[in-house]
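Thanks for making time, everyone. Let me put the structure on the screen, and then I'll walk through it.

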Protein chains: 2
Amino acid sequence: MVRKEQFGNKEISPVATITGLTVRDIRIPTSDSLTGSDAMNPDPDYSAAYVELQTDHPDGLAGHGLAFTIGRGNELCAAAVEAWKPFVIGLDLDDIRADMRAFWRRLTGDSQLRWVGPEKGTVHMASAAIINAAWDLLAKLEGKPLWKLLADMSAEELVACIDFTYISDLMTPEEAVELLRKKETGREAREQEMLDRGFPAYTTSTGWLGYEDEKIRDLCRQAVEDGWSHVKIKVGADLQDDIRRSSIIREMIGPDRELMFDANQVWDVAEAIENMKHLAEFSPLWIEEPTSPDDVLGHAAIARAVAPIGVATGECCQNRVLFKQFLQAEAIQFVQIDSCRLGGVNEVLSVLLMAAKCGVPVCPHAGGIGLCEHVQHLAIFDYIRVGCSLENRVIEYVDNLHEHFENPVTMRDCRYLPPQAPGYSTTMVEASLDHYEFPSGTAWRDR
Amino acid sequence: MVRKEQFGNKEISPVATITGLTVRDIRIPTSDSLTGSDAMNPDPDYSAAYVELQTDHPDGLAGHGLAFTIGRGNELCAAAVEAWKPFVIGLDLDDIRADMRAFWRRLTGDSQLRWVGPEKGTVHMASAAIINAAWDLLAKLEGKPLWKLLADMSAEELVACIDFTYISDLMTPEEAVELLRKKETGREAREQEMLDRGFPAYTTSTGWLGYEDEKIRDLCRQAVEDGWSHVKIKVGADLQDDIRRSSIIREMIGPDRELMFDANQVWDVAEAIENMKHLAEFSPLWIEEPTSPDDVLGHAAIARAVAPIGVATGECCQNRVLFKQFLQAEAIQFVQIDSCRLGGVNEVLSVLLMAAKCGVPVCPHAGGIGLCEHVQHLAIFDYIRVGCSLENRVIEYVDNLHEHFENPVTMRDCRYLPPQAPGYSTTMVEASLDHYEFPSGTAWRDR
């Protein structure tokens, strides 16, 4: 691939310009099977506002990203993508690559659009989809999977991607560079370890709330057979039901495997503390989303009360400012970054760095549609360059909807193997897009 | 007006059903004059996603509410209103009135739409517009201005409007009833006082960032002549500039009037603390929005550092969960509720109650378009029934865009006089709607 800098000549034409953006409303009717059901979300239809950035690159390169939603509201993310469209059309990839921080600010900072966030909700999720599509494009241009593109960047290049606005009281650019430099020892060995063994995962497929006890039993048996060391179940609809299901699962997986609980925000603070007293006997590793994702002080109170059980949150954590506070307040012991809710790779980098500084492990939220494909890159990069440990690190895994991606995740021995294809693994299969487009695709037309 | 309960008969036909909802994208090109310019928002076009709830009431009653935005993104709030439309069409006003908490949850809690918030950003602002339109409708139905409708409700009726989810660790329904009962002493006298004298206000019209020094001097002279006791100016673009402008304004208004600063989120935490050292000599009452509206712990650090100068925030405070934490952390000394960003009257009630419990004054955010019309009702009700004090209470006032409302605010001696017309003062003038509709109205068509 011809790269401009190889010529050392700024006057030659740019490598590629973004010439178009399209967004499609893609929805999978997952609520038909109650897959994904939890106490807050009884009937999600896993959906994606799917973005394509087109370029004038001679190879016809395109970048893909998505906003993950659970059905209604997907059209709002798509509309928000359209609102950001004028800010990305016409940009040269070289300029984006040369100043990723400026690109990020351009795609999140428009003062008028910012008002309806700011940096949260549909406008921020839409920014993320576009920003991730740009990273997909840059990685394809380099011929590298995203994790490798990031792993090969210098400390300074990585830090230059991050907007430190509102987080400088926890971490400055200088501290970030220093941290990354310190962690450079052993990076080749860690990269090789990832290539050889992959990144550990946990399964959420055993305990969706909509499942009957017998189905849970079968799924647990299967999970143990398949070699899972960590299993997560949904709680929060009814305490007695939670106790019964936890008892079944703990019995099925034995004392040595880790069990995690996920309450999906249904409790108030005192309720979370009280209910966890009854669930502590099942020795969970963490309680996830015990209450409102906005409640830093509430999570801190819960964390103090339920220790040594950890508190985890992140899938609805709106931006780096919230994660900063969760870390400052020692409110969470597991950082569950969401690749599509945070403002794309750039904002994720800032959270990985803050978590590393505070010594808190990052265990990305996944599942949904495409989230596993995204976060494997982030966790693998985190291991090679930032967190540099596998202790208490597991990526969520759900064996669902991967067939809609051109480069689906590859699992071996319950671990994510590093993707090899260039890009961010975010390109969807054209036939899936056509079939599930809402409301015109064949999956929806006849309903 | 015939009321169902006057007949004591549940079988008669409902007083009115919501039969339709329309939303219009209304934008005023205020950026032409730099009115509203600040360090974060250089060129706002004050806008409204304007909602009308139609009914089958024989008098043709309709309810109005709006999402306030500053231009681009207004279409996203309008789209979000459309997304909530199926949740409101067909509801009977009697049922809404009978269980306002359930109505609020219905218009904020749909699990799929909740994902793209939750309870924040465009979906929450859209919920607010619809919920406020329903309150406008109920007040019109009762033939009362909203403040009076609320002031006449019992403690139990008011508390029954509030969703205590995620705030019960600061306030329970029982505590809320008790607080309201304690404050009942003197309510008639306070109502009379409001009718006689009105609620105090402050002006933000003197110090928009886009104004030249000479214009600021003239506006200050005018403000003093007009009798304003409190004046707010924008800061944050450049410290030396802020010092010069503050010096001019303090000189013009003298030592006895209150001066407030508004940084509109442009500083990081350490920056805010440092800059306020240089601005403290002008003895401001508060520093507003010193940093990210999401940063509870950051505001707390700033508040400790700048005391006795107060910290104020709220216009971008997304929901009651954030306000709860600002109060718990003693991070703000002035609660600036936003009538259109919080989830309508119901969520505002919860914040008024939490602020009263914590002894923190509420000084509503206003200006924009229609915000003065909204918040006068809330502040007057707060004085009569909840906060019950005028100490350190002032409503923001900007003398702009009131002509677009059928019942614009009435000011006398720099105070808001209680509105007399039935409803929430949110009904806009039809000619304004037609002229400023984006992009088809005459105000936009020729640009």
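Start at A:Lys234. Its bridge partner in β6(A) is A:Asp262. This is a predicted model, so keep that in mind throughout. The two strands, β5(A) and β6(A), run parallel and are joined by 5 bridges. Strand β5 of chain A covers residues 230-234, and 5 of its 5 residues are buried. Which residues sit on each side of β5(A)? On one side are A:His230, A:Lys232 and A:Lys234. On the other are A:Val231 and A:Ile233. Both faces are covered. As a reminder, in a regular strand the side chains alternate between the two faces of the sheet.

Follow the chain past β6(A). The loop between β6 (258-262) and α12 (269-279) of chain A holds A:Trp267. Is A:Trp267 buried or exposed? It has 25 other C-beta atoms within 10 Å, so it counts as buried. The cut-off for buried is 20 or more. What does A:Trp267 touch, leaving aside neighbours within four places in sequence? The contacts are A:Gly236, A:Ala272, A:Asn275, A:Pro290 and A:Thr291. Take A:Pro290. It lies 23 residues from A:Trp267 along the chain, yet their C-alpha atoms are separated by 5.9 Å.

Now the strands early in chain A. Strand β2 of chain A spans residues 47-55, and 8 of its 9 residues are buried, so β2(A) is largely enclosed by the rest of the structure. β2(A) pairs with β1(A), residues 18-27, in the antiparallel sense over 9 bridges. In that part of the chain, A:Leu21 stands opposite A:Leu53 in β2(A). β2(A) also pairs with β3(A), residues 62-69, again antiparallel, over 8 bridges. There, A:Glu52 stands opposite A:His64 in β3(A). β2(A) and β3(A) form a hairpin with 6 residues between them. In the turn, A:Gly60 has a positive phi of about 70 degrees.

Over to chain B. Three strands form an open sheet there, in the order β1-β2-β3, with antiparallel pairing. Which strands stand at the edges? β1 (18-27) and β3 (62-69) of chain B do; each has a single partner strand, so one side of each is left without a neighbour in the sheet. The twist averages 15 degrees from one strand to the next. Helix α5 of chain B, residues 121-142, packs on this sheet and touches β2 and β3 of chain B. The direction of α5(B) makes about 150 degrees with that of β3(B). Between β2(B) and β3(B) there are 8 bridges. One pair to look at is B:Ala49, which stands opposite B:Ala67 in β3(B).

Next, how the chains relate. A rotation of 180 degrees with 0.0 Å of shift along its axis superposes chain A on chain B, at an RMSD of 0.0 Å. That is the relation of a two-fold axis. Which C-alpha of chain A is nearest the axis? That of A:Gly121, at 2.5 Å.

A:Gly121 comes up again where the two α5 helices pack. Their axes are 4 Å apart, at an angle of about 155 degrees. Anything over 145 counts as roughly antiparallel, so that is how α5(A) and α5(B) are related. The residues in this contact are A:Gly121, A:Thr122 and A:Val123, with B:Gly121, B:Thr122 and B:Val123. By class, that is 2 nonpolar, 4 polar and no charged residues.

Zoom out to the whole interface. The contact takes 51 residues from chain A and 51 residues from chain B. On the chain A side, α1(A) gives the most, with 6 residues. That side divides into 25 nonpolar, 18 polar and 8 charged. And 100% of the interface residues of chain A are also interface residues in chain B, so the copies meet through the same surface.

Last stop: helix α13 of chain B, residues 296-306. Of its 11 residues, 9 are buried, so α13(B) is largely enclosed by the rest of the structure. Among the buried ones are B:Val296, B:His299 and B:Val306. What do the buried residues of α13(B) pack against? From chain A, α13 and α14. From chain B, α12, β7, β8 and α14.

How values were computed: Residues are numbered from 1 along each chain as its sequence is written. Chains are lettered from A and ligands numbered from 1 in the order in which they are written. This is a predicted model: local features need pLDDT of at least 70, side-chain atom pairs count only at pLDDT 80 or more; totals for chains, interfaces and linings use all residues. Two strands pair if DSSP finds at least two bridges between them. Axes are lines fitted to C-alpha atoms, for helices over the stretch in contact, and angles run from 0 to 180 degrees between N-to-C directions. Two residues are in contact if their C-beta atoms, placed from the backbone, lie within 7 Å. A residue is buried if 20 or more other C-beta atoms lie within 10 Å of its own, exposed if 12 or fewer, and partly exposed in between; C-beta atoms are placed from the backbone. Ala, Val, Leu, Ile, Met, Phe, Trp, Tyr, Cys and Pro count as nonpolar, Asp, Glu, Lys and Arg as charged, and the others, Gly among them, as polar. Copies are superposed by least squares on the C-alpha atoms of residues with pLDDT of at least 70 in both. Angles under 35 degrees count as roughly parallel, over 145 as roughly antiparallel, 65 to 115 as roughly perpendicular and the rest as oblique.
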